Amino acid sequence: MELIFDRIKKDLKHLLSEKRYQHTLGVEKSAIMLSEKYGENINKARISALLHDIAKQLSHDEIKEK
Ligand SMILES: [Fe+2]
């Protein structure tokens, strides 16, 4: 599973600005803490956190295209 997270982070590093990438890693950390605290699925929380801003830097045209 860790390989999947590494791959997602590698792709995010290319897609997002450095600031947005660092923000995303912070959200992932919070998601891990909260899922542990409330007994939720950590992997689902991590994936949701990592992908939550995936389209933030795309233009409207790029979003429509995808
Ligand atoms: Fe965000």
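## Exercises on a four-helix chain

Among contacts between residues at least 6 apart in sequence, 60% join residues at least 24 apart in the protein chain. Keep in mind that this is a predicted model.

**Exercise 1.** Work out how many helices and strands the protein chain has, and in what order its elements run.

*Solution.* Start with the count: there are four helices and zero strands. Next, walk along from the N terminus, and the order reads α-α-α-α. Finally, put a box around the C-alpha atoms along the principal axes, and you get roughly 40 × 20 × 20 Å.

**Exercise 2.** Find the residues that make up the largest nonpolar core, and say which helix gives the most to this core.

*Solution.* Here's the general idea to begin with: in soluble globular proteins, nonpolar side chains tend to be buried together. In this chain, buried residues make up 23% of the 66 residues. The largest nonpolar core has six residues, namely F5, I8, L12, L16, Y21 and L50. Helix α1, spanning residues 2-15, gives the most to this core, with three residues. Now zoom in on L12: setting aside neighbours within four places in sequence, L12 touches Y21, T24, L50 and I54.

**Exercise 3.** Decide whether R46 is buried or exposed, then track down the side chains joined to R46 by polar contacts.

*Solution.* First, place the residue: R46 sits in helix α3, residues 42-51. Then check its accessibility: the relative accessible area of R46 is 9%, and the cut-off for buried is under 20%, so R46 is buried. Now for the polar partners. The side chain of R46 has a polar contact of 2.8 Å with that of E28, and another of 3.1 Å with the side chain of E2. Leaving out neighbours within four places in sequence, the contacts of R46 are E2, F5, K9, E28 and I32.

**Exercise 4.** Is K29 buried or exposed, and how many Å separate K29 and R7, C-alpha to C-alpha?

*Solution.* Locate K29 in helix α2, residues 18-37. Its relative accessibility is 62%, and exposed means over 50%, so K29 counts as exposed. For the second part, go C-alpha to C-alpha: K29 and R7 are 17 Å apart in space, with their positions 22 residues apart in sequence.

**Exercise 5.** Take stock of the charged side chains and the exposed area of the protein chain.

*Solution.* Count the charges: 13 side chains are positive and 11 are negative. Compare where the two sets are centred, and those centres lie 2 Å apart. As for the surface, about 5200 Å² is exposed, with carbon and sulfur atoms supplying 56% of it.

Notes:
Residues numbered from 1 in each chain as written. Predicted model: local features only at pLDDT ≥ 70, side-chain atom pairs only at ≥ 80, totals over all residues. Heavy atoms only, no water. Helix = DSSP H or I, 4+ residues; strand = E, 2+ residues; numbered from the N terminus. Buried < 20%, exposed > 50% of the residue type's maximum accessible area, 1.4 Å probe, protein only. Polar contact = N/O pair within 3.5 Å; in protein donor to acceptor, adjacent residues only side chain to side chain. Contact = heavy atoms within 4.5 Å. Areas by Shrake-Rupley, 256 points an atom, 1.4 Å probe, with all protein chains shown as cover. Lys, Arg positive; Asp, Glu negative; His and termini not counted. Charge placed at Lys NZ, Arg CZ, Asp CG, Glu CD. Core = buried A, V, L, I, M, F, W, Y, C linked by side-chain atoms within 4.5 Å.
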